[in-house]
Amino acid sequence: MIIGEPPEYPEQAFASSNSAYSIMEVSSSVSSDGEVVYEEPEPDPVWEEYRKKSDEYWQKRQSVSDIISLISPTMNLQTLSYKLLIPDYSKMMSMSFSPVGGDDGSEMPETDVFADIFKNIIALFAFPAAFLGLAYVRFMRMDVR
């Protein structure tokens, strides 16, 4: 495979407990205002490493998929129409999948949208132009009598 094997799921996380569910301690304290304040638990380094490798793997996979879809005129036209006609499409497709989310309510600036679709516009016109140029050169080299 071009991008390699997906990362291995950490088995050691389940080896320490004899049930399918593990217990995580969450510490809390009461502030002077009377509100309960929960402290974030410290992340397990094994799971952090797995998440990092998994993110890298899926980014490589998405890059290969994007490159292959640039060759397809149908996919280019579909991507262009989605990104221009559905404003939230660009934001949705550019969000990273993370447990904390990535939706901060901000919209993608217009310059970023046009920069994002520029590769699709170029590919949509470049491939037919290149093949038309090759056909023209081949036709001009033929001996027409």
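From the N terminus on, the protein chain runs α-β-β-α-α-α-α, which amounts to 5 helices and 2 strands. Helices (H or I, at least four residues) and strands (E, at least two) are DSSP runs, numbered from the N terminus.

Before going further, I should state the terms of this description. This is a predicted model, in which local features need pLDDT of at least 70 and side-chain atom pairs count only at pLDDT 80 or more, while totals for chains, interfaces and linings use all residues. Residues are numbered from 1 along each chain as its sequence is written, and side-chain values use heavy atoms, with hydrogens and water left out.

I begin with confidence. pLDDT is the predictor's confidence in each residue, from 0 to 100. The protein chain averages 75 on this scale, and 68% of its residues score at least 70. Two stretches call for caution. Over residues 17-21, pLDDT stays under 50, and the model has 1 contact beyond four places in sequence for them; contact here means heavy atoms within 4.5 Å. Residues 96-105 also stay under 50, with 6 contacts beyond four places in sequence.

Next, the chain as a whole. Of its 145 residues, 11% are buried, where buried means under 20% relative accessible area, exposed means over 50%, and partly exposed lies in between (1.4 Å probe, protein chains only). The accessible surface comes to about 12600 Å², and carbon and sulfur atoms account for 60% of that area. Accessible areas come from the Shrake-Rupley method with a 1.4 Å probe, and for residues only the protein chains shown count as cover. As for contacts between residues at least 6 apart in sequence, 60% of them join residues at least 24 apart.

Proline 7 offers an example of contacts across the sequence. This residue is found in the segment before helix H1 (12-15). Leaving aside neighbours within four places in sequence, proline 7 is in contact with Tyr50, Lys53, Ser54 and Tyr57. Its C-alpha atom is 9.4 Å from that of glutamate 56, although the two residues are 49 apart along the chain. Proline 7 counts as partly exposed because its relative accessibility is 23%.

I turn now to helix H2 and its charged side chains. How many salt bridges does a search of the whole structure find? The search finds 3, a salt bridge being a side-chain nitrogen of Lys or Arg within 4 Å of a carboxyl oxygen of Asp or Glu. In one, the side chains of glutamate 48 and arginine 51 meet at 3.4 Å, N to O. These two are separated by about one helical turn, because they lie 3 residues apart in helix H2 (residues 45-71). Arginine 51 also meets aspartate 55, at 3.0 Å, N to O; here the partners are 4 residues apart in helix H2, so about one helical turn again separates them. Through shared partners, salt bridges join Glu48, Arg51 and Asp55 into one network. Each member of this network is partly exposed: glutamate 48 at 34% relative accessibility, arginine 51 at 36% and aspartate 55 at 29%.

Glutamate 49 forms a salt bridge with lysine 53, the closest N and O atoms being 4.0 Å apart. Both residues lie in helix H2, 4 residues apart, about one turn of the helix. Glutamate 49 is partly exposed at 38% relative accessibility, as is lysine 53 at 44%. Lysine 53 has already appeared as a contact of proline 7.

My last topic is helix H3. Which residues make the nonpolar surface patch of about 520 Å²? They are Tyr82, Leu84, Leu85, Ile86 and Phe114. Patches are made of residues with over 30% relative accessible area and no salt bridge: like charges are joined within 9 Å, and nonpolar side chains (Val, Leu, Ile, Met, Phe, Trp, Tyr) within 5 Å. Helix H3 (residues 73-85) gives the most to the nonpolar patch, with 3 residues. Leucine 84 is found in this helix.

Threonine 79 also belongs to helix H3. Is threonine 79 buried or exposed? It counts as buried, because its relative accessibility is 16%. The side chain of threonine 79 reaches the backbone oxygen of methionine 75 at 2.8 Å.

Conventions: Polar contact = N/O pair within 3.5 Å; in protein donor to acceptor, adjacent residues only side chain to side chain.
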